[in-house]
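The following note is offered as a colleague's reading of the model shown below. Its points are numbered and may be checked against the coordinates.

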Amino acid sequence: MPAVFSQVPLSEAEQRLFDTLLDNLDGMVYRCLYDASWTMTYVSKGCETLTGFSAHALLHNHQISYEEMTHPEDRAYVRTTIQSAIAQHHRYQLEYRIVSANGELIWVAERGNGVYDAQGHIVALEGIILDISARKKVEQDLFNTEQQYRSMFENATLGMFQTTESGSYLNANQALADLYGYPTSRALIKALNNINTSLYVSEHRRAEFIEEVRKHGRVRQFESQVYKQDNSIIWISENAHVVYNTRGEVLYFEGTVEDITARKQSEQQILQQAVTDNLTGLLNRNALNNKLTSLMQQADLTRTKLAIGFIDLDHFKLINDTLGHRAGDKLLENVAQRLTESTRPTDTIVRFGGDEFVMLYPMLRAINDVEPLLTRVMDAVSQPLHIDGYTFNMTCSMGVSVYPDHATQMDTLLSYADSALYSAKNAGKNKSQLFSSALAAQLNERNYVEYGLGHALQREEFMLHYQPKIDLRHGGIESLEALIRWQHPERGLIPPDQFIPIAEETGSILAIGEWVLRSACRKIQSIYQTFGYYIPIAVNVSPIQFMRGNLVETVQQVLKDSAIPPGLITLEVTENARFKDEAMFVRCLHQLKGLGVRLAIDDFGIGYSNMAYLKNYPIDELKIDKAFLQDLEHNHTNGNILLALINLGKSLHKSVTAEGIETLYQHTFLLDSGCDVGQGYYYHRPLSDDQLHALMHNHQAQFKHLHLAK
Ligand code: C2E
Ligand code: MG
Ligand code: MG
């Protein structure tokens, strides 16, 4: 019980000391009655600072009672709190609001106790009331912010958590509970008591998380698959960091979790679409690099070989163009199906584009092991295929390179397989071809030639040789055949067989063909000017000129420019030219014929067995292929065929020429069989300009009839 308020009278000095002390205390020291108004019988000077009322105004309720001063909402609380303390003879301590003289709310803390008389009856209360508004404000602000964060935490749509380093939850919000499929965050915290083992699908994921957090203090967009409460799997992305205490020790991890399952699924779908071919469902060329890389690694690890096969369907373009894309698509689907059926489960099939497929055959022990696999594929493709009422006998060509034998670089391997395919196609299709160094050399050579061909015309490296055609009956030269030669700056004279096919492929045959025709016409003109008579010249025309060039216009223009009688030119067309588009071919022949030139079928007999078409062709001459002259002395079959061909030509009223006559025997045989014209080394080899001129000067007799014809 404070001495100040004891009943013992104080000395004046003592009283002053206490007053000084009390007056200098923060807040208001008081003594009041235990009545309905808390009637103040003593208040210290602090009264005015605390309440804005003077001590006099409050004492004995002169102006206001302390009960009235107490905030109406808090009065009951104050009274019951003090009552219950008094009843137990305890000190009381409470916080509440009063209203100051200027109407301001002031938070106060009051501490005090009852004063009892000798019988133990309460006579008064003594205590101190302090202004705690400032502290209350800080507390309230803190509470408010805390409330805000709580609310953010609880209502966030992002999952939030605090976990111990060892893997249990300290805190989780509702969003996280929702995300992981728990009814409440509490249920989640309870059930997921070991994150290390029960959350992540990958058993190493938590360790990776911890490692990352340790290394950088945080993880960002840490994507993992996790189990939900019902054991289904979702993708999440976590952002988290470590919270340390002041000593720098790890307190806990805290962070956010986002469900990214939808995004992952669409990413995967896009990824899947990006590597899948829509039509066939096979992998597409985007997938090739990855697949190849991993199979090459596998081959390294297992010390096995990997074969890479390029497949190209033969004549697919023709089917696609003639029957339409729908049939073409169906055909590709069927082929894809067959490829799949004819490969081992470990093999990979990629649709490279168009009618090209790439096969990857891993785990081969030896290069030769690939052979049976190729045979199976080729067989499967070549089984008759029925589409839209048509039956197709598809074939394919295949080029194969082997890792690591042929190359170790992916690009090189692919280009080798492609080269081998190219060679298979050139060798007549329906073939598979394994890459080899010989093939590589061949291809290098080809590239070299192709490169040189690009400039040959401008650099005037081409020349014509002329091989006479002999009238078998009177032995004179009846015409010449122009045969092209390429005077290569490094390789010397290159025969046409070695560059015409390439020129056909690159398309440069069109310009070359025109040059040949012009040169031949010029030759006719110059011979006429020198010798005074015309000598007909035959030129060879490539099928490509028929199919792709505007052959008729070109011939017309050249004839016009050279102003020679058109009948002096014979166009030699090989049988193959008719192959692609029969109607166009026949129309073209008629138009050429209309220009007045002569037409000959070259290499007759080796192309197509069906000769019925011959009747429809406006041709003048059949040139029987030299193959039938081979070994005529002993080979009676050839002799019989020759006879049949000559008779066929005669019955169609065509002039019949035999080429490749090398011996007297062949000459006599053909003469006796009724063949009209002969050509071959037996009479003359193809002659250079100079040789031809020498011949014309020195053996004028051979040209006598041409003088007459003039
Ligand atoms: P081709 O038109 O059937 O020409 C006949 C080929 O047989 C020529 O070969 C000729 O030199 C050769 N030859 C002639 N007599 C004999 C003989 O008695 N025995 C043997 N074994 N061969 C003989 P060349 O000049 O190498 O021409 C080959 C092919 O190149 C020609 O066959 C022709 O298809 C093509 N060609 C030549 N010049 C041209 C041209 O200007 N344009 C086109 N598109 N092709 C041409
Ligand atoms: Mg010819
Ligand atoms: Mg020929």
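Which atom of ligand 1 does a polar side-chain atom of Asp602 lie 2.8 Å from? The partner is an oxygen atom of ligand 1, and the pair counts as a polar contact (N or O atoms within 3.5 Å; within protein, one must be able to donate a hydrogen and the other to accept it, and residues adjacent in sequence count only if both atoms are side-chain atoms).

1. Basis of the note. This is a predicted model, in which local features need pLDDT of at least 70 and side-chain atom pairs count only at pLDDT 80 or more, whereas totals for chains, interfaces and linings use all residues. Residues are numbered from 1 along each chain as its sequence is written, chains are lettered from A and ligands numbered from 1 in the order in which they are written, and side-chain values use heavy atoms, with hydrogens and water left out.

2. Further contacts of ligand 1. Side-chain N or O atoms of two other residues approach oxygen atoms of the ligand: Glu481 at 3.0 Å and Arg485 at 2.9 Å. The protein buries 86% of the 790 Å² that ligand 1 exposes when taken alone (accessible areas by the Shrake-Rupley method with a 1.4 Å probe; for residues, only the protein chains shown count as cover).

3. The shell around ligand 1. The ligand is surrounded by 21 residues, of which Asn540, Asp602, Lys626, Glu662 and Tyr681 are the closest (a residue is near if one of its heavy atoms lies within 4 Å). The shell comprises 7 nonpolar, 5 polar and 9 charged residues (Ala, Val, Leu, Ile, Met, Phe, Trp, Tyr, Cys and Pro count as nonpolar, Asp, Glu, Lys and Arg as charged, and the others, Gly among them, as polar). Strands E20 (477–488) and E24 (598–604) each supply at least two of its residues, and E20 gives the largest share, 4 residues (strands, E, of at least two residues and helices, H or I, of at least four are DSSP runs, numbered from the N terminus).

4. The magnesium site. Glu481 (OE), Asn540 (OD1), Glu572 (OE) and Asp602 (OD) are the protein donors of the magnesium ion (ligand 2), at 2.1 to 2.2 Å (donors are N, O and S atoms within 2.8 Å of the metal, or 3.2 Å for Na, K and Ca; water is not among the atoms, so sites may look incomplete). Along the chain these donors follow the spacing E-x58-N-x31-E-x29-D. Asp602 coordinates both this ion and the magnesium ion (ligand 3), which are 4.3 Å apart. Glu572 lies in strand E23 (residues 569–574) and Asp602 in strand E24, so the pair ties together parts 30 residues apart in sequence. Both Glu572 and Asp602 are buried (under 20% relative accessible area; exposed is over 50%, partly exposed in between; 1.4 Å probe, protein chains only).

5. Domains. The assignment, from an automatic or database source, gives domain 1 (3–131), domain 2 (137–265), domain 3 (278–435) and domain 4 (453–703). The centres of domain 1 and domain 4, taken over C-alpha atoms, are separated by 136 Å.

6. Backbone points to inspect. Most residues other than glycine have a negative phi, and most peptide bonds are trans. Tyr403 and Pro404 are joined by a cis peptide bond, with omega about 0°; Pro404 lies in the loop between strand E17 (396–403) and helix H16 (410–426). Trp38 has a positive phi near 50° and is buried, with a relative accessible area of 3%. His60 has a positive phi near 55° and counts as partly exposed at 47% relative accessibility.
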